[in-house]
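Please look over the sequence and the model below. The paragraphs after it go through the structure one part at a time.

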Amino acid sequence: MSTDANTSGSDWQPGHSFTPPKEFAAQANASDPEIYGRAAEDPEVFWAGYASRLDWMEPWNQILEWNPPHAKWFVGGKLNVSTNCLDRHLATNGDRRAIVWEGEPGDQRTLTYRELSALVNQFANVLKQQGVGKGDRVSIYMPMVPEAAIAMLACTRLGALHSVVFGGFSVESLAERTNDCGAKVIITADGYWRRGNIVPLKSVVDEALPSCPSVKRAIVLRRAGDKCPVKMEPGRDLWWHDLIVGQSTDCAAEPMDAEDPLFILYTSGSTGKPKGILHTTGGYLTGAYTTTQLVFDIKPTDLYWCTADIGWITGHSYVVYGPLANCATVFMYEGSPDWSTQGEPCRDRFWDMIERHKITILYTAPTLIRACMKWGDEHPAKHDLSSLRLLGSVGEPINPEAWLWYHRHIGRERCPIVDTWWQTETGSIMITSLPGLTTTHPGSATRPFPGISVDVVDDMGRSLPPDHKGILVITKPWPSMLRTIWGDDHRYQQVYWSRFPGLYFPGDGALRDMEGNYWLLGRVDDIMLVAGHNLSTMELESVLVEHPAVAEAAVIGRSHEVKGQAPVAFVIVREEYAPPSSDGEARKRLAAELKEFVSQRLGAVCRPDEVIISGDLPKTRSGKIMRRLLRDIAEGRVLGDTSTLADPNIVAGIKSKYGSDDD
Ligand code: PRX
């Protein structure tokens, strides 16, 4: 691949690349290219070097104990995550801003490290009073407000595991996740602002809790106030602001073993049921801390904004733990990118906030970048974005067009871009550029982070030469790797370690080019990446067949201009419910009902873009649905090989129906 170090965004051609701007390289946290070689020589020593910059209550006696596929890092060491994110900064940086927050209506709050620490300690005392202690589980179902981070940090202070559930998830998803981890307490808010409306949260909790017998208390933050009246169940529901009154700002931090569980975070599994990914204390914090420092080049003068919701791993590692462990100033925003402080639709809220707050680092998702591209260049153009010095992307492959738009219209051709590949399971960034060192290629996440070993292999697990498409694997353990699936170690071994024994299988396709850059090619399993959210086709299918009208369902991810992929469902309807094929209106009504059904059961992010009512589904002779063909149909491609189908006529039938649901 040729390199043209000085290509400006406007005359970019495939194959051209971008070297880090000199001024950036001169001040970067990672400025020595030797870092890669040193880390590769002895990854354990590399990681231990960064881990030792954290505060440990007791030192470890062994860096790594590896009994594949189970790893223990920093064995015997003791530490507490909240003291590393708060207490250790207080003596010298207590007055530094920890969180700068803006609500959708434009209300603002700033918390210094000292203030944040006091609130976390007080809330930890609240939780303690409610019987929460080391090893207990706490569900967090919160909007993007500082109290979400406070709740997470308070759990870690006591050694309780949090399970944060994304506020956009439904009653059933919340109940399923809460029951799976057996949470004792749930922390929520009355509601929050989004697109000028109040999204209720407490009422979702009210519906979920009757089926969550382990939950004894619901602690409710008042965010929406009068706009969102809530019913408080006596004996179960308590207001955050009542409980916090008079609490001491001192709460002893629990000394945690490096391998003590830190949190559970659920992610979609290709067999339907979400997987409770378990992260532990010392290794996770080391991964989040090190990557934040080197990838985001965090400095005391930065105002760093990761736009992810705390309900996702990106919010855990790069809104809360990584930045706070680095004593960074984090920007947090509650609402939607297309809503103004005046309560009206707009297309420039992000750019407006970057200008007003002088945000210096922006980390967001390709789906947001593509939406902004579609809205038009004039919206960022209205704003002074000169405070920005670094841009990041995460969640799905970023197409070169979106990368270049981001580079030109947001980075104004000055800011390096870090395209970061990683997963809930990996805990921290695995493949990325280092902004002061790496030459970037639009669409490539570039190189494994120092200390991380990856490879591209064929179906048999054999390493492939450069420029061959294959399957990505991680070949050595790393500190922030998941330790297991909560309550199901067998599944952990099956999902991640059985495909290629001894190699971690993330489920992504990849290609390594001649220069050693990695190009991520999307999922190789039944997971869709919808607006950066990881959704399981199987989970949607299981819900669809619960609808009385549906006999069978197949869901695929269709390419989508903005969201990357969008779910499309093909359903076979039971005879007694089947609208006659001549009754277009009835078919549309049923399709709309099924979309709403999925949305209600799993949350709006899971709503299918299209539901196609079909007489049959294309299956192999052994009865396996050929999703590849459904994808071809949905994306309007010439159909691939149909020779293994039991009945090749079926695809013609579906093709003729495709497009009939245009509501
Ligand atoms: O397919 C990859 C995609 O997102 C998956 C992980 O999703 P999740 O666990 O929800 O975590 C998302 C945030 C880390 C991966 O298996 N993915 C994530 N980042 C990238 C990506 N694909 C390509 N390029 C990326 N930068």
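This is a predicted model. A convenient place to begin is helix 11 (residues 313-325), which lies across strand 4, strand 16, strand 17, strand 18 (361-364) and strand 19 (390-394). Helix 11 runs at about 160° to strand 16.

These strands belong to an open sheet of seven strands with the order 5-4-17-16-18-19-20. The pairing in this sheet is mixed. Strands of a sheet pair through backbone hydrogen bonds, either parallel or antiparallel. Strand 5 (108-112) and strand 20 (417-420) stand at the edges with a single partner strand each, so one side of each has no neighbour in the sheet. From one strand to the next, the twist averages 20°. One pair within the sheet is strand 16 (residues 303-306) and strand 17 (residues 329-333), which are parallel and share three bridges. Here Tyr304 stands opposite Val330 in strand 17. Helix 6 also packs on the sheet, where it touches strand 4 (97-102), strand 5 and strand 17. The direction of helix 6 makes about 30° with that of strand 5.

Next comes the interior. In soluble globular proteins, nonpolar side chains tend to be buried together. The largest nonpolar core in this model has 141 residues, and Leu116, Phe123, Leu127, Ile187, Trp240, Phe296 and Tyr321 have the most contacts inside it. Helix 6 (residues 146-158) supplies the largest share of this core, nine residues. Apart from its neighbours within four places in sequence, Leu127 is in contact with Val132, Ala154, Cys155, Leu158, Val185, Ile187 and Ile219. There is also a second, separate core of 31 residues, which includes Trp305, Ala402, Ile410 and Ile417.

Ala402 also takes part in a contact between two helices. The axes of helix 13 (residues 366-375) and helix 15 (residues 400-410) come within 10 Å and cross at roughly 75°. The two helices are therefore roughly perpendicular to each other. Helix 13 contributes Ile369, Arg370, Cys372 and Met373 to the contact, while helix 15 contributes Glu401, Ala402, Trp405 and Tyr406. Of these residues, six are nonpolar, none polar and two charged.

The last part is strand 24 (residues 469-474). Why is strand 24 largely enclosed by the rest of the structure? Five of its six residues are buried. Strand 24 pairs with strand 23 (residues 454-457) in the antiparallel sense over four bridges, and Asp455 stands opposite Val473 in strand 24. Strand 24 also pairs with strand 26 (residues 508-512), again antiparallel, over three bridges. In that pair, Ile471 stands opposite Gly509 in strand 26.

Methods: Residues are numbered from 1 along each chain as its sequence is written. This is a predicted model: local features need pLDDT of at least 70, side-chain atom pairs count only at pLDDT 80 or more; totals for chains, interfaces and linings use all residues. Side-chain values use heavy atoms; hydrogens and water are left out. A nonpolar core is a set of buried Ala, Val, Leu, Ile, Met, Phe, Trp, Tyr and Cys residues joined through side-chain atoms within 4.5 Å. Buried means under 20% relative accessible area, exposed over 50%, partly exposed in between (1.4 Å probe, protein chains only). Contact means heavy atoms within 4.5 Å. Axes are lines fitted to C-alpha atoms, for helices over the stretch in contact, and angles run from 0 to 180 degrees between N-to-C directions. Angles under 35 degrees count as roughly parallel, over 145 as roughly antiparallel, 65 to 115 as roughly perpendicular and the rest as oblique. Ala, Val, Leu, Ile, Met, Phe, Trp, Tyr, Cys and Pro count as nonpolar, Asp, Glu, Lys and Arg as charged, and the others, Gly among them, as polar. Two strands pair if DSSP finds at least two bridges between them.
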